[in-house]
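Colleague: Hey, got a minute to walk me through this one? I'd like to know what touches what.

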There are 2 protein chains.
Amino acid sequence: MKKHNYSAGPCILPQEVFEKSAQAILNYNNSGLSILEISHRSKDFVAIMEEARALVLELLGLTGKGYQALFLHGGASLEFLMVPYNLMRENGKAAYLDTGTWAAGAIKEAKAFGETVVVGSSKSENYTHIPKGFEIPADADYFHCTSNNTIFGTQMKSFPGTDIPVVCDMSSDIFSRQLDFTSFDLIYAGAQKNMGPAGATLVVVKEEILGKNGRTIPGMLSYAAHIEKESMYNTPPVFAIYASLLTLQWLKNLGGIPAIEKINNAKAELLYAEIDRNPYFRGTANKEDRSVMNATFLLNDEAQAPIFDEMWKAAGISGIPGHRSVGGYRASMYNALPLESVQVLVNVMKAFENKVSGMATA
Amino acid sequence: MKKHNYSAGPCILPQEVFEKSAQAILNYNNSGLSILEISHRSKDFVAIMEEARALVLELLGLTGKGYQALFLHGGASLEFLMVPYNLMRENGKAAYLDTGTWAAGAIKEAKAFGETVVVGSSKSENYTHIPKGFEIPADADYFHCTSNNTIFGTQMKSFPGTDIPVVCDMSSDIFSRQLDFTSFDLIYAGAQKNMGPAGATLVVVKEEILGKNGRTIPGMLSYAAHIEKESMYNTPPVFAIYASLLTLQWLKNLGGIPAIEKINNAKAELLYAEIDRNPYFRGTANKEDRSVMNATFLLNDEAQAPIFDEMWKAAGISGIPGHRSVGGYRASMYNALPLESVQVLVNVMKAFENKVSGMATA
């Protein structure tokens, strides 16, 4: 039985991506070769890389606007290091918004490069909300934020206007909602949520911000070097990029970001309505900052967890236990999760309510 | 028709790896989930990672000898940077042997960290041989070499004895031949030759050499940090590691490195014998340094290339054109390439000889 996969990442991808990528492993494009055994310099793979890079810009509305899309190694965690290496001047400073575990990880790496100003933080409230009303120093080299906080179920609904470059870690909500992507100068994202399998990292960068900080940057950590080599500075993660291309093609065929945004909003509204209605559950994030991607919620009576857990498992749901930092449950509703899977979860929550209310009155 | 795939990397893998990994993408281990959509923290993937790490040490004869195996992001090119970051002291120095393009790449990155002594180089002879008789400074922090030079078709047959840590880039011949692996302190290898698909990097490190150089190392670049997190400092390249495990299991079932070494030697002997016998071809590397993995050879008369090219293509051979630095042909005979494929190539070379000698006398 196919599962209702709520995993926070790596996560569900479209079924057609599984089918097409499995076929490509057996015989890519009728070439008599597996996608796993072709050279990254082959015509077949160069075409995959070019289409993937172009499609990223097209879906984000950034074609012809001075941006480059790169598919790199290392995950967002390597970007935590590459961002200051490429953008912070020697003795410069950068502004960071601290909205969760990954934002804090980015801040930690930046500190080794220079003054790292934390302009706002919700850490003392266990990151239940997005800080607001913060000020960004005008002389910082860039401002860094995390658009969606997977662990804590919060999401930035707006982004500050500033004259300095804006850098955003969109690992867990890229391609999920319409934004003015031209207001960002550098976007990065681990592939393993809305874009593809683990093992590739997307970087979208406005070229004009590069080459200005005066540092000597090691080749593998230099965005300019990766751009010069057309995202093939070294052997790229071929399969992860191919599966990402398939996912991006699926999104384009669906109608792109405007179409998936409607579906994502419908899924989130359905689940949050039940969390708010059902007297046995409560959400953990401030309502105005709730993530459309990751809904975090708790049982009011944790002693009832074994009953609820048995029920969602029986319904074919997987990947729903919450992160240890929050506890309870986390329903990750990435692009490829169908509305039907959310309905199954909501039905289980209602059935749980009926069961435990019956037990209470029995 | 299945091809005789001589690609230099990414390269041929065992057919059962293609079949099992395609199945795992559709339904991993009958879980109802694709290997691409499971969490790296799931029991299923933790078991894959643990088995892969243990099997690497077992195959290399390093179990229980103070080594750790890690599966990282970034390819060998990121290791060029990580090695000096982790092993070279501030104001320290390191010794490097320059045997080819990738060795030179490692040297370039090391220079940003401190004094980088090139103890030997065959660059002026276009890397046709492995330098010998060089001396390693006793006060260097480590000695770095490249065991096999994919582009130039040379391979180190012995390694210098030294009291300082020995670091070896084995990207293109790891798991292909028996060596005393305990004589190395750090071995690294991009997966995409003998170990698996592109997108994972193997590091095998003797723990006692770490933590001694006094540098503050960014988390993602610190071997100690990766060891502490059991190779899950961040989301690992799940699929590339799984396919690597399948390849390592195939090798173990075959009889491990001793068994594959015999097959690899038979393949290389068959092809080099033909290169030396056939009057229309010549090898490019010094005979004593010839690589068992990559045989580089030229036509004596390049004008005959269109004839030869048509013949090997018709025989179902792919990936055999040489790198632009050497020209001619490069037959990469990695572990998964069957002896039968080498026989097909040798037959084509003999048929070519018959054809062009007939043309000359006609």
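**Chains and domains in contact**

Modeller: Sure. Keep in mind that this is a predicted model. Let's start with the two chains: their contact takes 51 residues from chain A and 51 residues from chain B.

Colleague: OK, and which elements give two or more residues to the side of chain A that touches chain B?

Modeller: Three helices of chain A do that: α1 (15-26), α3 (75-87) and α6.

Colleague: Which one gives the most to that side?

Modeller: That's α1(A), with five residues.

Colleague: And what's that side like by class, how many nonpolar, polar and charged residues?

Modeller: On the side of chain A that touches chain B you'll find 27 nonpolar residues, 20 polar ones and four charged ones.

Colleague: Cool. Switching topic: how is chain A divided into domains?

Modeller: Domain 1 covers 15-254 and domain 2 covers 256-361. The centres of these two domains of chain A, taken over C-alpha atoms, are 29 Å apart.

Colleague: How many residues does their contact take from each domain?

Modeller: It takes 24 from domain 1 of chain A and 24 from domain 2 of chain A.

Colleague: Which elements of domain 1 give two or more residues there?

Modeller: On the side of domain 1 that touches domain 2, they are β6 (148-149), β7 (154-155) and α6 (238-254) of chain A. The largest share, three residues, comes from α6(A).

Colleague: Wait, α6 again? Where did it come up before?

Modeller: In the chain contact: α6 of chain A also gives two or more residues to the side that touches chain B.

Colleague: Nice. And the classes for domain 1's side?

Modeller: Facing domain 2, that side has seven nonpolar, 13 polar and four charged residues.

Methods: Residues numbered from 1 in each chain as written. Chains lettered and ligands numbered in written order. Predicted model: local features only at pLDDT ≥ 70, side-chain atom pairs only at ≥ 80, totals over all residues. Domains from an automatic or database assignment. Contact = placed C-beta atoms within 7 Å. Helix = DSSP H or I, 4+ residues; strand = E, 2+ residues; numbered from the N terminus. Nonpolar A, V, L, I, M, F, W, Y, C, P; charged D, E, K, R; others polar.
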